[in-house]
Amino acid sequence: MKMGRLSMDNTPIYQVDTEEGVMGQAMNNGSIIVNKDLDANTRESVIKHEKVHLDQMSRGDLDYDDKHVYWKGKKYSRSVMKEGAKNLPWEKEAYNV
């Protein structure tokens, strides 16, 4: 919500134990989880990255379930991709932040 110069963000962010190699994840419910062991600078960077994914989801460009990621109408199997790889189309925008 924007109020004059003040910009407020009420995205729920939870610091939790994550799977090995996972620093953060944008959740379908609009929240973000981040690895609880990240230092402050890395945590901020991960949150910015994941907020891009939340924006992509709110635009309708990105969605996912347990088996697939859906990007602009195309279905990608999660079993054959390296999650978070910089060459994935939805990651390119997020890594540019």
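I began with Gly-24 and looked up its bridge partner, which is Val-34 in strand 5. I noted that this is a predicted model, in which local features need pLDDT of at least 70 and side-chain atom pairs count only at pLDDT 80 or more, while totals for chains, interfaces and linings use all residues. Residues are numbered from 1 along each chain as its sequence is written, and side-chain values use heavy atoms, with hydrogens and water left out.

**Sheet with strands 3, 4 and 5**

I then followed the pairing outward: strand 4 and strand 5 (residues 32-35) run antiparallel and are joined by three bridges. For my own reference, two strands pair if DSSP finds at least two bridges between them, and the elements are DSSP runs numbered from the N terminus, helices being H or I of at least four residues and strands E of at least two. The whole sheet is open, has three strands in the order 3-5-4, and shows mixed pairing. Strand 3 (13-16) and strand 4 (24-26) are at the edges and have a single partner strand each, so one side of each lacks a neighbour in the sheet. From one strand to the next, the twist averages 20 degrees.

**Sheet with strands 6, 7 and 8**

I found a second open sheet of three strands, ordered 6-7-8 with antiparallel pairing. Its edges are strand 6 (62-64) and strand 8 (74-77), and each has a single partner strand, so one side of each is without a neighbour in the sheet. Four bridges pair strand 7 (residues 68-71) with strand 8 in the antiparallel sense, and I located His-68 opposite Ser-77 of strand 8.

**Helix 1**

I checked the length of helix 1 next: its 20 residues should span 28 Å at 1.5 Å a residue (the expected span is 1.5 Å times one less than the number of residues), and the end C-alpha atoms are 29 Å apart, which agrees. At its start, a side-chain oxygen of Asp-39 comes to within 3.1 Å of the backbone nitrogen of Asn-41; after the helix comes Gly-60, with a positive phi near 90 degrees. Helix 1 lies across strand 6 and strand 7, at about 95 degrees to strand 6; axes are lines fitted to C-alpha atoms, for helices over the stretch in contact (heavy atoms within 4.5 Å), and angles run from 0 to 180 degrees between N-to-C directions.

**His-53 and the core**

Is His-53, in helix 1 (residues 40-59), buried or exposed? I found His-53 buried, with a relative accessible area of 6%, where buried means under 20%, exposed over 50%, and partly exposed in between (1.4 Å probe, protein chains only). Its side chain makes a polar contact of 3.1 Å with that of His-49 and another of 3.1 Å with that of Glu-91; such a contact is a pair of N or O atoms within 3.5 Å, and within protein one must be able to donate a hydrogen and the other to accept it, residues adjacent in sequence counting only if both atoms are side-chain atoms.

Finally, I looked up the largest nonpolar core, which has 17 residues, with Trp-90 and Leu-62 among those with the most contacts inside it; a core is a set of buried Ala, Val, Leu, Ile, Met, Phe, Trp, Tyr and Cys residues joined through side-chain atoms within 4.5 Å. Helix 1 gives the most to this core, with four residues.
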